[in-house]
Amino acid sequence: MRISIITVAYNSGETIAHTIESVLGQTCLGSADVELEYLIVDGLSSDDTVGIAEGYRERFEEKGVIYRVDSEPDKGIYDAMNKGIRKATGDVIGILNSDDWYEPDTVETVAETFRLNSCDLMYANICMHRTDGSTFIKKARLRGFETSRDWNHPTTFVRAQIYKENPFRNLGIHDDYGFFLQMKQQKRKIVVIDKVLANFRMGGASNKKSLREAKKRIVDRYRYCYRINGFSRLYIIECVMIEAVKWIFG
């Protein structure tokens, strides 16, 4: 099995080394059962992001990892993700943000999960890191009521052909969750693992405390996640609740 990991970056010089190191440190490297491909899709950064990424090339090649760094303008994060998905040659694809990082056995766990379950998509728990240094675990669940509180994109891995046939719509800032809901509507086989596979650094665009930004995120989530995938208008309540929780707890 070949697993492709995609990291989309733009002026990520302060954090991308940690992200890359977490991929380089995977326990599956050198295994005869798992091949690893790592693609970094840069949006023509003006800082040292590309230089840092290129500095890891020899170490990845020594471990037998297919390593590619591309840098060119894009039309936003989901356009960049789609570029990476199109270029990926693996059987399974995972997307890791340029300020997040994997646990050491993430890829090994993913390979085992796909082998045992023949699933289309899987995701798992994630450790959330606040700006004050505190952490908490955001649990992964699969239930009838749809909420992004149950789903964690950095831990999500998808059959490559499904990603290629269903690219991100590139309509808003929650297109990754919109993709997940699309998969639910298509009745894809989804498996949830009760284990931390990734770490998420809080404080990005989805957590910015601003009434204007919160309203924008509510409308975005409602239109481009729930309604575009045929979910009830009542999900506007969930969209408002998500923002209320972020506002109160950070």
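A salt bridge here is a side-chain nitrogen of Lys or Arg within 4 Å of a carboxyl oxygen of Asp or Glu. Welcome to this structure, which is a predicted model. By that definition, the structure holds 13 salt bridges, while the count of disulfides comes to zero. The points below walk through some of the salt bridges, the cysteines, a nonpolar surface patch and the buried side of a helix.

**Salt bridges**

- Side chains of opposite charge can pair when their charged atoms come close.
- One of the 13 salt bridges brings together the side chains of Glu35 and Arg2, at 2.9 Å from N to O.
- That pair links distant parts of the chain, with Glu35 in strand S2 (residues 35-42) and Arg2 in strand S1 (residues 2-9), 33 residues apart.
- Glu35 counts as partly exposed, at 43% relative accessibility, and Arg2 is partly exposed as well, with a relative accessible area of 22%.
- Asp70 and Lys87 also meet through their side chains in a salt bridge, again with 2.9 Å from N to O.
- Here a strand is tied to a helix: Asp70 lies in strand S3 (residues 66-71) and Lys87 in helix H4 (residues 77-87), 17 residues apart.
- Asp70 is buried, its relative accessible area being 17%, whereas Lys87 is partly exposed at 25% relative accessibility.
- In a further salt bridge, Glu238 pairs with Arg149, and their closest N and O atoms are 2.8 Å apart.
- Glu238 sits in helix H9 (residues 235-249), and Arg149 belongs to the loop between strand S7 (135-138) and strand S8 (157-159), 89 residues apart from it.
- Glu238 is buried, with a relative accessible area of 4%, but Arg149 is partly exposed, with 37%.
- Salt bridges that share partners also join Arg68, Asp70 and Lys87 into one network.

**Cysteines**

- A disulfide is a covalent bond between the sulfur atoms of two cysteines.
- The number of disulfides in this model is zero, as noted at the start.
- Cys28 is in no disulfide, and the nearest cysteine sulfur, that of Cys119, is 16 Å away.
- A disulfide needs the two sulfur atoms within 2.5 Å, so the 16 Å from Cys28 to the sulfur of Cys119 does not qualify.
- Cys119 is likewise in no disulfide, with the sulfur of Cys28 as its nearest cysteine sulfur.
- Cys28 counts as buried, at 4% relative accessibility.
- Cys119 is buried too, at 0% relative accessibility.

**A nonpolar patch on the surface**

- Leu234, Ile236, Ile237, Val240 and Met241 make up a nonpolar patch on the surface.
- Together, these five residues have about 460 Å² of accessible area.
- Ile236, one of the patch residues, has its place in helix H9.
- With a relative accessible area of 32%, Ile236 is partly exposed.
- Helix H9 also holds Glu238, which is buried.

**The buried residues of helix H1**

- Helix H1 runs over residues 16-24, and its buried residues are Ile16, Thr19, Ile20, Ser22, Val23 and Leu24.
- An α-helix has 3.6 residues a turn, so residues three or four places apart point the same way.
- The cover over the buried residues of H1 includes strands S1, S2, S3 and S5 (101-102).
- Helices H2 (49-54) and H3 (57-62) are also among the elements that cover the buried residues of H1.
- Two of these covering strands, S1 and S2, are also the ones that the salt bridge between Glu35 and Arg2 links.

Methods. Residues are numbered from 1 along each chain as its sequence is written. This is a predicted model: local features need pLDDT of at least 70, side-chain atom pairs count only at pLDDT 80 or more; totals for chains, interfaces and linings use all residues. Side-chain values use heavy atoms; hydrogens and water are left out. Buried means under 20% relative accessible area, exposed over 50%, partly exposed in between (1.4 Å probe, protein chains only). Helices (H or I, at least four residues) and strands (E, at least two) are DSSP runs, numbered from the N terminus. Patches are made of residues with over 30% relative accessible area and no salt bridge: like charges are joined within 9 Å, nonpolar side chains (Val, Leu, Ile, Met, Phe, Trp, Tyr) within 5 Å. Accessible areas come from the Shrake-Rupley method with a 1.4 Å probe; for residues, only the protein chains shown count as cover. Contact means heavy atoms within 4.5 Å.
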